[in-house]
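Reader: I have a model open and would love to talk through a few of its local features with you. Shall we take a look together?

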Amino acid sequence: MILSCQNISISFGTDEILKNASFHIEEYEKAAVVGINGAGKSTLLKIIMKQLEPDSGMVSIAKDKTVGYLAQNEVMDSSRTIYEEVLSAKQPVIAMEQEIRQMEEKMQEVPQQELGAFMEKYERLVHQFELADGYTYRSEVTGVLTGLGFSEADFDKTQAELSGGQKTRAALCRLLVTRPDILLLDEPTNHLDMESIQWLENYLLNYKGAVLIVSHDRYFMDKIVSKVIEVFQHQVNSYSGNYTMYAQKKAQVRAAALRAYYNQQQEIKHQEEVIAKLKSFNREKSIKRAESREKMLDKLERLEKPTEELTDIHLRLTPCITSGNDVMQVEGLAKAFDGKRLFSDVDFSVFRGERVALIGSNGTGKTTILKIINEMLPADAGEITLGTNVHIGYYDQEHQVLHAEKTLFEEISDDYPQLTNTQIRNVLAAFLFTNDDVFKRIGDLSGGERGRVSLAKLMLSEANFLILDEPTNHLDITSKEILEQALVHYEGTVLFVSHDRYFINQTATRILDLHDRQVLNYIGNYDYYLEKKDIQRAAQQKAAPLETDGAAESMQVKETDSKEDWKQKKLQQAAQRKLENELLKTESRIEQLETEKQELEEEMAKPQVAVISARVMELHTQIQQKEEELEGLYEKWEALNEQAALA
């Protein structure tokens, strides 16, 4: 075990963030921390790095192990070039290299009597240099920089010349080349294009150390991690496997917990009905039985109903009017900036009901194409034709039309007065605005929060052609899933740009790959795109023959199974009716015997009968017989009730 967190608790004022959070990471293990925004994921990493002090609990790191940490949107403040800054992370190796060179220069001058010790020191230093991959450290730096999307022309740029995203990527490069024993990465795929993310996946998979990642990139987590640490409602739970396995296990755990809760509720109701029935018999033994059951019910540990954030939020996107089948035709589109050609002769069509993902590396011109379609930029050449009754709804993170003086609630309610308060709150909750958040002023929101409000408004618009630029940025996994479901059930047409491969996989029916200034068309989701991309380089596989005999046999089996299921259902229904009839007969016989027993007891209590000993003995015997039969019937009635509850 290389890292252990034990019973970590922390609160900020009255807001409890983590409560008795415990987990551990083994050496070389790759793990992810997941949870909704604000759950405490980044807080957990800061506690591990001792940047925050927990209220209680402790963090243990194995002796002599180094830790490297990349915070969200971390930037390097330096006057050096990118290459110099990343190379500086190799200072210990550079120092060894310099010492080796100095020793080599002095080697000829060392006196004979000191040469043995000198050579021993030299060989030891060379061995350490080799262990530190000293002969390849410069190529390692170059490889990491190019892998994370920097061209050789970028190497000589200073920090002042970089964008915020580039600075974060440079910080990640610097961290990776230090090769710590434990890597803590907070949203490392932010600001990376698909090719860079794939490079990082391969790098981390082969990384000779432990990795702990906070991420909302589900595809990335599926590729890398073997453990998922979930932060949910202040608690921490660990699941073995990648993200998909975690999601399945969590769903199974929640389903099992719900079943257990509902089964217990059903059992409680059943016991309460039995207790009421026993009391209604109004005899000493039945009342005692009822009291005994009441005591057992009081001792029962009641299960709480499992809860989950935002599970009741469902977005339905309904266009106001249906467009024609041909939604958009793009022909011969071309664009260049400052003499640099982004793309040329781009042709593609979009048809009603399609969800088309436009993908490609950073800088290829994806967002530019969306802006040209929305007439925010002029094309150098080409033509865009919209179909009949096409109404565009456009989401662009850089172009958000919001009213700074309004609250979130007012922003929605003023534009959509037909919505109820509950509907407005549900829409805002789907985009992470809950409780009193809805009364925040737009002017007080961060850029990411404003983007989420704009996306919420777009989802409510009655447009029949949605054009979305990176719609999942600033959304946590739960909100992404809500948006995915909304788009999958959307009755209109969608064209979107995204780097979120999982999101693309779940929503896209077609992919346009902007590569080498051209657009390549793939009819399918992201997995299909990857498969097709590889298949293009291989010989075309022969289509598998249709197994008609097998299909016919399968149909016969299905028909037989259906008949058997029908027979089984009928038998179960008959058994249920028989059980109910037996229960009614037993209850009726109990009531009859109770009445007969009461009549016998009343007769035996008469003064004129009490003096006739033979009659008293006869009545006593009859009462005893009734008691014995009643005792058996009560046991039978309880057993039948248990069977009915299980049926």
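**Two glutamates and a sheet**

Author: Happily! Let's start with Glu 187, which is buried, with a relative accessible area of 9%. Keep in mind that this is a predicted model.

Reader: Where is Glu 187 found?

Author: Strand β6 covers residues 182-186 and helix α7 covers 194-205. Glu 187 is not a glycine, yet its phi is positive, about 55°. Its place is the loop between β6 and α7.

Reader: And Glu 375, is that residue buried or exposed?

Author: Glu 375 also has a positive phi, near 60°, without being a glycine. This residue sits in the loop between α11 and β13. Exposed means over 50% relative accessible area. Glu 375 has 73% relative accessibility, so it counts as exposed.

Reader: Which are the edge strands of the open sheet?

Author: The sheet has 3 strands in the order β11-β10-β13, with antiparallel pairing. An edge strand here pairs on one side only, and that applies to β11 (340-351) and β13 (381-386). The edge strands are therefore β11 and β13.

Reader: What is the bridge partner of Leu 333 in β11?

Author: Strand β10 spans residues 326-337, and 8 bridges join it to β11 in an antiparallel arrangement. For Leu 333, the partner in β11 is Val 346.

Reader: Which angle does helix α11 make with β10?

Author: Helix α11 (residues 366-373) packs on the sheet and touches β10, β11 and β13. Its direction and that of β10 make an angle of about 120°.

Conventions: Residues are numbered from 1 along each chain as its sequence is written. This is a predicted model: local features need pLDDT of at least 70, side-chain atom pairs count only at pLDDT 80 or more; totals for chains, interfaces and linings use all residues. Side-chain values use heavy atoms; hydrogens and water are left out. Two strands pair if DSSP finds at least two bridges between them. Helices (H or I, at least four residues) and strands (E, at least two) are DSSP runs, numbered from the N terminus. Contact means heavy atoms within 4.5 Å. Axes are lines fitted to C-alpha atoms, for helices over the stretch in contact, and angles run from 0 to 180 degrees between N-to-C directions. Buried means under 20% relative accessible area, exposed over 50%, partly exposed in between (1.4 Å probe, protein chains only).
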